[in-house]
Amino acid sequence: MDKPIASLIISVYDNVPFLKCVLDSLEFQTEKRFEIIVSEDAEHDSMRAFLEAYRSSYKLYHLTQPDLGWQKNKMLNKSALFAHTDHLIFIDGDCVLHPRFIEFHTKLAAPKAILAGKRIKLDPKTTHWLLEDQTRILQIQKFIGRNYFKLKGWGAKFREEGIFIDPASWLGMIPKMRSMYQIKGCNMSFSKKALFDINGFDEDYTRPAIGEDIDLGWRFKGLGYHIESLRNMAVQYHLFHKESWIDQKENELIMQHKQHKQQYVCLNGIQKNE
């Protein structure tokens with residue numbers, strides 16, 4: 001295996017079957033020069049046992065920390081510091097990847113670019129179909145195309161995000177027309193320098209969402225970085241599970257306070273500033 005040019009950081013908590021599906025999908029990536037960092041915001045024995053037994057074609061590292069509530073940002077900062085490459089790709093442990101996902105996250109990387117994509121939220125039926133046989137990742141585009149109009153009735157969301165379009169094809173103008181105004185923590189990448197410039201993820205956020213992606217976006221922009229869309233190119237398939245809604249008011253107030261102060265470089269990130 002050639003020297004890695006990117007670090008794929010996978011955030012997990014406690015779902016081994018989903019992580020197995022994600023890891024298995026990596027075996028079909030067209031770009032194979034990457035390492036894997038499983039970033040666990042906990043220390044579950046089941047996760048440790050699974051990863052110790054799992055055989056991957058890539059260098060695979062497992063980082064943990066005590067389960068003290070939601071401290072994903074702290075774990076992501078640790079993972080970024082640990083990474084052995086200069087390009088960091090972030091996904092969640094319930095997002096299965098299209099075979100060309102890593103390819104576009106590396107091919108379109110640039111010093112000032114924050115690469116951002118989206119995901120299709122699969123329905124229970126399609127999720128079960130994929131979990132049954134992870135090699136079906138090679139068939140999922142045909143599956144989605146064949147069942148596109150049924151997927152909504154089955155419960156899928158954002159169906160259009162599950163369609164891969166090669167930018168070199170005759171439909172290549174479509175991805176170029178689809179912009180991104182915010183980044184999503186499950187499908188984003190940037191240089192290690194970019195993350196260090198804003199001092200990483202802000203650990204003041206101790207509840208999910210906003211602090212793990214939207215907060216990064218405005219801070220990146222404040223330091224001259226720009227968001228580049230990978231919609232329909234870096235495609236991922238979010239496995240269905242029941243969502244526990246978290247009220248975002250607390251995180252919104254934290255972000256608004258920091259935006260008012262134009263605090264692009266957070267104080268409680270990779271480096272701690274009193």
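In this predicted model, Lys-112 sits over the face of Tyr-225, 4.1 Å from the ring centre. A similar theme appears elsewhere in the chain: Arg-159 lies over the face of Tyr-148, at 4.5 Å from the ring centre.

Tyr-225 also leads into a group of aromatic side chains, since ring pairs link it with Phe-90, Phe-190, Phe-201 and Phe-220 into a cluster. The count of aromatic pairs in the model comes to twelve. One of them joins Phe-90 and Phe-201, whose ring centres are 5.4 Å apart; their planes stand at 70°, over the 60 degrees required, so the pair is edge-to-face. This pair connects distant parts of the chain, 111 residues apart: Phe-90 belongs to strand β4, while Phe-201 lies in the loop between α9 (192–197) and α10 (214–222). Both Phe-90 and Phe-201 are buried.

Now to the sheet itself. Seven strands make up an open sheet with mixed pairing, and their order is β3-β2-β1-β4-β8-β6-β9. The edges are taken by β3 (60–63) and β9 (226–229); each has a single partner strand, so one side of each is left without a neighbour in the sheet. On average, neighbouring strands are turned by 25° against each other, direction ignored. At the β9 edge, strand β6 (residues 113–116) pairs with β9 in the parallel sense over four bridges, and Ile-114 has Ile-227 in β9 as its bridge partner. Helix α3 (residues 72–82) packs on the sheet, where it touches β1 (6–12), β2 (34–40), β3 and β4 (87–92). The direction of α3 makes about 150° with that of β2.

Technical notes: Residues numbered from 1 in each chain as written. Predicted model: local features only at pLDDT ≥ 70, side-chain atom pairs only at ≥ 80, totals over all residues. Heavy atoms only, no water. Pairing = 2+ DSSP bridges. Helix = DSSP H or I, 4+ residues; strand = E, 2+ residues; numbered from the N terminus. Axes fitted to C-alpha atoms, helices over the stretch in contact; angles between N-to-C directions. Contact = heavy atoms within 4.5 Å. Phe/Tyr/Trp six-rings, centres within 6.5 Å; stacked < 30°, edge-to-face > 60°. Buried < 20%, exposed > 50% of the residue type's maximum accessible area, 1.4 Å probe, protein only. Lys NZ or Arg CZ within 6 Å of the ring centre and 35° of its normal.
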